[in-house]
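Dear colleague,

I am passing on a structure that you have not worked with before, and below it I have set down what was found. Please keep it open beside you as you read.

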Amino acid sequence: LVFAANKEVMDADTLAKAAGLSKDSSYRWKGPLQAAFDYADISTPKRQAAFLAQLGHESGGFQYLREIWGPTSAQKRYEGRLDLGNTQRGDGFRYRGRGLIQITGRANYVRIASRLSRFGAPDFVAEPEALERPEWAALSAADYWKDRRLNELADTGKFKTLTKRINGGLNGYADRLARYERAAEALGVQ
């Protein structure tokens, strides 16, 4: 994925500092995150710090691109949930959270595949594991970010509201905020 509109936003060293990544991980994520920044106009240090903080928390530091499955009682309730489009037996497990912002449910997999098809995205319904690849994990997160107009919240410093739009509540807020502060310092957010 290449978006020619914007120049490189940050180098691997800056990304490593901002996201708390190892040097090797920063090289792995640099290209996919650049594409995500370009796609969703995450073009300022404030937006980038908020994006990296939320993704860092949601993915356990860019490690987990697939929801850890117990199954927990909440995960068991994915099965048959019509609001997630889980209409077939096994959909709850098959379409569990994937990507840097955990895309969950058959309907959301259909939606993200359609929205990203112009970039050559695979059919995530037929191949749900594709959302675990860095390029699709990052771009799907950017699509979620763009669709919910989260740049506006980042611009105005409404980090709690931004967290609620991603998480539905303030789960992990202290970690998200610590990640934001680290990223903001590394990126020179004023």
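A good place to begin is the end of one helix: α2 is followed by Asp41, whose phi is positive, near 55°. Please bear in mind throughout that this is a predicted model.

Going back into the helix itself, α2 has 17 residues, and its first and last C-alpha atoms lie 24 Å apart, close to the 24 Å expected at 1.5 Å a residue. There is nevertheless a kink of about 40° at Lys30 in α2, shortly before the proline Pro32. The buried residues of α2 include Trp29, Pro32, Leu33, Phe37 and Tyr39, and the partners against which the buried residues of this helix pack are α1, α3, α6 and α7.

Two of these residues lead on to the core. The largest nonpolar core has 52 residues, and those touching the most other members are Trp29, Leu33, Phe51, Leu100, Phe124 and Trp145. Among the elements that give two or more residues to this core are α2 (23-39), α3 (45-58), α7 (134-147) and α10 (173-187), while the largest share, eight residues, comes from α7. In soluble globular proteins, nonpolar side chains tend to be buried together. If you would like one residue to look at, Trp145 touches, among others, Ala40, Ile42, Phe51, Leu150, Leu162 and Ile166, leaving aside residues up to four places away in sequence.

The other helix I would point out is α10, whose 15 residues should span 21 Å at 1.5 Å a residue, and because its end C-alpha atoms are 21 Å apart, the model agrees with that expectation. Its buried residues are Tyr173, Arg176, Arg179, Tyr180, Ala183, Ala184 and Leu187. They cover an arc of only 135° around the axis, which means that they lie on the same side of α10. An α-helix has 3.6 residues a turn, so residues three or four places apart point the same way. On the other side of α10, Ala174 and Glu185 are exposed, whereas the buried residues of α10 pack against α1, α3 and α9. Just after this helix, Gly188 takes a positive phi of about 75°.

Finally, a word on confidence: the protein averages a pLDDT of 94, and 95% of the residues score at least 70. Over residues 2-6, however, the pLDDT is below 50, and this stretch has six contacts in the model beyond near neighbours in sequence. Where pLDDT is low, the predicted coordinates should not be read in detail.

With best wishes

Notes. Residues are numbered from 1 along each chain as its sequence is written. This is a predicted model: local features need pLDDT of at least 70, side-chain atom pairs count only at pLDDT 80 or more; totals for chains, interfaces and linings use all residues. Side-chain values use heavy atoms; hydrogens and water are left out. pLDDT is the predictor's confidence in each residue, from 0 to 100. Contact means heavy atoms within 4.5 Å. A nonpolar core is a set of buried Ala, Val, Leu, Ile, Met, Phe, Trp, Tyr and Cys residues joined through side-chain atoms within 4.5 Å. Buried means under 20% relative accessible area, exposed over 50%, partly exposed in between (1.4 Å probe, protein chains only). Helices (H or I, at least four residues) and strands (E, at least two) are DSSP runs, numbered from the N terminus. The expected span of a helix is 1.5 Å times one less than its number of residues. The arc is that of the directions from the helix axis to the C-beta atoms. The bend at a residue is the angle between axes fitted to the seven residues ending there and the seven starting there.
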